[in-house]
Amino acid sequence: MLHQVPPRPWWLWTPTRFHVAPDLIAYIRHLGDEEVDIWVGAGHRGVLRPLGELDLNRPRFDG
């Protein structure tokens, strides 16, 4: 389960949020319409494996 932090957007000119879970952090930026930019980092690569099974348009996945 991801928890949103901080309670307000990081950059005022574009909606940006951070979410955290044990050993994981996600950066989510809304680019407009239905497009988002998502970066996820983890202390251990195994935490990222479930994300590799999602049907996402991604240029790179290191999990």
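How much area does the protein expose, and what share of it do carbon and sulfur atoms supply? The protein exposes about 5400 Å², and carbon and sulfur atoms supply 57% of that area. The model is predicted, and the report below describes its fold, its strand pairing and several individual residues.

**Overall architecture**

The secondary structure comprises 1 helix and 4 strands. Read along the sequence, these elements follow the pattern β-β-β-β-α. Along the principal axes, the C-alpha trace spans about 35 × 25 × 15 Å. The protein has 63 residues, of which buried residues make up 16%. Among contacts between residues at least 6 apart in sequence, 3% join residues at least 24 apart.

**The sheet**

The 4 strands form an open sheet in the order E1-E2-E3-E4, with antiparallel pairing. Strand E1 (3-5) and E4 are the edge strands, each pairing on one side only. From one strand to the next, the twist averages 25°.

Strand E3 (residues 24-32) is joined to E4 by 8 bridges, and the two run antiparallel. Within this pair, Leu24 stands opposite Ala42 in E4, while Ile25 stands opposite Gly41 in E4. E3 and E4 form a hairpin with 2 residues between them. Asp33, located in the turn, has a positive phi of about 50°.

In a regular strand, side chains alternate between the two faces of the sheet.

**A buried histidine**

His19 belongs to strand E2 (residues 16-21). Its relative accessibility is 15%, so His19 counts as buried, the cut-off being under 20%. Leaving aside neighbours within four places in sequence, the contacts of His19 include Leu2, His3 and Gln4. His19 is also in contact with Leu24, Ile25, Ala26 and Ile28. Two of these partners recur in the E3–E4 pairing described above: Leu24, opposite Ala42, and Ile25, opposite Gly41.

**Salt bridge and surface patch**

How many salt bridges does a search of the whole structure find? The search finds 1 salt bridge. Asp37 forms a salt bridge with Arg29, and the closest N and O atoms are 3.3 Å apart. Asp37 counts as partly exposed because its relative accessibility is 22%. Arg29 likewise counts as partly exposed, at 23% relative accessibility.

A nonpolar surface patch of about 220 Å² is made by Val36, Ile38 and Val40. Of these residues, Ile38 lies in strand E4 (residues 35-42), which is an edge strand of the sheet. Ile38 has a relative accessibility of 48% and therefore counts as partly exposed.

The table lists the accessibility of the residues discussed individually.

| Residue | Relative accessibility | Class |
|---|---|---|
| His19 | 15% | buried |
| Asp37 | 22% | partly exposed |
| Arg29 | 23% | partly exposed |
| Ile38 | 48% | partly exposed |

**Summary**

The predicted model is an open sheet of 4 strands with antiparallel pairing, in a protein that also has 1 helix. His19 in strand E2 counts as buried, whereas Ile38 in strand E4 contributes to the nonpolar surface patch. Asp37 and Arg29 form a salt bridge.

Note on methods: Residues are numbered from 1 along each chain as its sequence is written. This is a predicted model: local features need pLDDT of at least 70, side-chain atom pairs count only at pLDDT 80 or more; totals for chains, interfaces and linings use all residues. Side-chain values use heavy atoms; hydrogens and water are left out. Buried means under 20% relative accessible area, exposed over 50%, partly exposed in between (1.4 Å probe, protein chains only). Contact means heavy atoms within 4.5 Å. A salt bridge is a side-chain nitrogen of Lys or Arg within 4 Å of a carboxyl oxygen of Asp or Glu. Patches are made of residues with over 30% relative accessible area and no salt bridge: like charges are joined within 9 Å, nonpolar side chains (Val, Leu, Ile, Met, Phe, Trp, Tyr) within 5 Å. Accessible areas come from the Shrake-Rupley method with a 1.4 Å probe; for residues, only the protein chains shown count as cover. Two strands pair if DSSP finds at least two bridges between them. Axes are lines fitted to C-alpha atoms, for helices over the stretch in contact, and angles run from 0 to 180 degrees between N-to-C directions.
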